[in-house]
Amino acid sequence: MRIIVHNAKCQGHARCWAQAPHIFVLDDEGYILPGDIEVPEREQPLASRGARSCPEGALEIDPTPAAPVESGVLQPRDGRV
């Protein structure tokens with residue numbers, strides 16, 4: 001599972017952090033740090049609860065596992081192969 005972070009929507013409520021501070025990392029002003037979050041299977045219920053607690057919808061749950069990246073192989077940034 002992956003949590004997609006929409007930083008522009010974050011208003012610093014920190015409800016996600018209150019649910020799972022080890023998963024959702026905030027900056028000094030209480031806004032979530034940029035970058036999507038890969039969630040290990042054992043942490044998924046807590047991460048899901050934290051994402052759903054965001055009143056701004058800044059956290060989107062992507063239930064599909066992330067594609068593995070092979071070392072030494074460059075991945076195109078725009079998704080083209």
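**Strand pairing, salt bridges and the surroundings of S53**

Strand β1, residues 2–5, pairs with strand β2, residues 37–38, in the antiparallel sense over two bridges. The model is a predicted one. Within this pairing, I3 of β1 stands opposite I37 in β2. Strand β1 also pairs with β3, again in the antiparallel sense, here over four bridges. V5 has L59 of β3 as its bridge partner. The result is an open sheet of three strands in the order β2-β1-β3, with antiparallel pairing. Its edge strands are β2 and β3, each of which pairs on one side only.

Charged side chains were examined next. Side chains of opposite charge can pair when their charged atoms come close. A search of the whole structure finds two salt bridges. One of them joins R2 to D36, with the closest N and O atoms 3.1 Å apart. This pair links distant parts of the chain. R2 belongs to strand β1, while D36 sits in the loop between α1 (15–19) and β2, and the two are 34 residues apart. The other partner of R2 is D62, whose side chain meets that of R2 in a salt bridge at 2.8 Å, N to O. R2 lies in strand β1 and D62 in strand β3, so the pair ties together parts that are 60 residues apart in sequence. Through shared partners, the salt bridges join R2, D36 and D62 into one network.

The members of this network were then compared by accessibility. R2 has a relative accessibility of 24%, and therefore counts as partly exposed. D36 counts as partly exposed too, because its relative accessibility is 39%. D62 is at 15% relative accessibility, so D62 counts as buried. The cut-off for buried is under 20%. The network thus has a buried member in D62 and partly exposed members in R2 and D36.

Attention then turned to S53. This residue is found in the loop between α2 (44–52) and β3 (59–62). S53 counts as buried because its relative accessibility is 18%. Its side chain has polar partners on the backbone. A polar atom of the S53 side chain lies 2.6 Å from the backbone oxygen of G50. The side chain of S53 also reaches the backbone oxygen of R15, at 3.5 Å. Leaving aside residues up to four places away in sequence, S53 touches R15, C16 and Q19. R15 therefore appears both as a contact of S53 and, through its backbone oxygen, as a partner of the S53 side chain at 3.5 Å, with S53 itself counted as buried at 18% relative accessibility.

Finally, the interior was searched for enclosed space. The structure holds one cavity of 30 Å³ or more. The largest cavity has a volume of about 110 Å³. Its lining comprises 15 residues. Of these, C10, H13, A14, C16 and C54 lie nearest the centre of the cavity. C16 thus links two parts of this description, because C16 is among the residues nearest the cavity centre and is also touched by S53, a residue that counts as buried.

Definitions and conventions:
Residues are numbered from 1 along each chain as its sequence is written. This is a predicted model: local features need pLDDT of at least 70, side-chain atom pairs count only at pLDDT 80 or more; totals for chains, interfaces and linings use all residues. Side-chain values use heavy atoms; hydrogens and water are left out. Buried means under 20% relative accessible area, exposed over 50%, partly exposed in between (1.4 Å probe, protein chains only). A polar contact is a pair of N or O atoms within 3.5 Å; within protein, one must be able to donate a hydrogen and the other to accept it, and residues adjacent in sequence count only if both atoms are side-chain atoms. Contact means heavy atoms within 4.5 Å. Two strands pair if DSSP finds at least two bridges between them. A salt bridge is a side-chain nitrogen of Lys or Arg within 4 Å of a carboxyl oxygen of Asp or Glu. On a 1 Å grid over the protein atoms alone, a cavity is a set of points where a 1.4 Å probe fits but cannot get out, and a pocket is an open set with protein on both sides within 12 Å along at least five of seven lines; lining residues have an atom within 4 Å of a point. Grid points are joined across faces, edges and corners, and a volume is the space filled by probe spheres set on the points.
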